[in-house]
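Okay, everyone, thanks for coming. Let me put the structure up, and then I'll walk you through a couple of spots in it.

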Amino acid sequence: MLTLYPVACLCCLKQAEQRDIRGFGGPCSSLALYIGLPPKVRELVDAASFREFIQTLTVPVRNDHVVLVALAERWRDTSNTFHLPPGEMTVMLSDFAAITGLRVGGEPIPFDSGIHVDPAALEWFLGEVPQVERGAARGSTVHLSYLPALKDLRAASRFDWGGAALGTAYQFFGDASRNGQSMAGYWRVWEVEWNPWRTSGPEPEYLAQSRVVTASRVLLESAFGWQWYLGDRVVRQSLGYPEFQVPGPLPPRASHTGDYTLAELERYTRPDTS
């Protein structure tokens, strides 16, 4: 993205040298662990649609903090888009699905934000109450609120894992844009290179399903709260329009999604394709 507009972003790159943003979590032995699983367990992981995602974790990325800071300087967390000279841009739902192999859309994930203080529930799910060592690397931990969604791996493929992952990435990128020093979640999506116009055979089902809503606006739910995806603000990307289109107004209270009522959450988490 920056290579397309080097002059406009040159000042950002110079400023980036004075800041430092580090991404937590990177390539690890995920693929080796996956391959080493018992066949029946690996079949359940495949059925839950995680095989493609595990493979993306082995793709090398630069972890270039200068590029991350330069992107953060152009990010606006009110719209979750980059503000660049030709208009707004973002990681679209179809982009995210193509890069990660995770479908965007599906049933809401049954998060339990209080499970970490429920020893009985933790012991039921894990067999014991986990002890997190002080100073443990952030990249080696996982949010416990996801556990209820893994109660039955055969049903896990129904959940909106892609939306939750992209919402988490938006959350941490918004924090970084406001002088945060670290990024977590699937921050690697900002550095993975892929060609959205390349075709090599039939399109996977998870990607086709994500394209249906990629030009819509929808509220994404993650373990860290709710984040807006506004595909209608980036129609040059999402719909291939040749010319800039004036974006529509932001959703009500877009920066305070935690204040939405249950009725508003239920309405906004359904893609608006109108």
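So, what percentage of the 274 residues in the protein chain is buried? It's 39%. Bear in mind as we go that this is a predicted model.

Quick overview. We've got 11 helices and seven strands in the protein chain. If you take the contacts between residues at least 6 apart in sequence, 73% of them join residues at least 24 apart. On the surface side, the chain exposes about 15,200 Å², and 55% of that comes from carbon and sulfur atoms.

Now have a look at helix H6, residues 93–100. This one is mostly covered, with seven of its eight residues buried. The buried set is Leu93, Ser94, Asp95, Phe96, Ala97, Ile99 and Thr100, so you can go and click through those yourselves. Right after H6 comes glycine 101, and its phi is positive, near 80 degrees.

Next spot: arginine 233. You'll find it in the loop between strand E7, which is 225–230, and helix H10, which is 235–238. Is arginine 233 buried or exposed? Its relative accessible area is 13%, and the cut-off for buried is under 20%, so arginine 233 counts as buried.

And who's around it? Leaving out residues up to four places away in sequence, arginine 233 touches Ser79, Glu88, Pro247, Gly248, Pro249 and Leu250. Glutamate 88 deserves a second mention: its side chain makes a polar contact with the side chain of arginine 233, at 2.7 Å.

That's my tour, thanks.

How values were computed:
Residues numbered from 1 in each chain as written. Predicted model: local features only at pLDDT ≥ 70, side-chain atom pairs only at ≥ 80, totals over all residues. Heavy atoms only, no water. Helix = DSSP H or I, 4+ residues; strand = E, 2+ residues; numbered from the N terminus. Buried < 20%, exposed > 50% of the residue type's maximum accessible area, 1.4 Å probe, protein only. Contact = heavy atoms within 4.5 Å. Areas by Shrake-Rupley, 256 points an atom, 1.4 Å probe, with all protein chains shown as cover. Polar contact = N/O pair within 3.5 Å; in protein donor to acceptor, adjacent residues only side chain to side chain.
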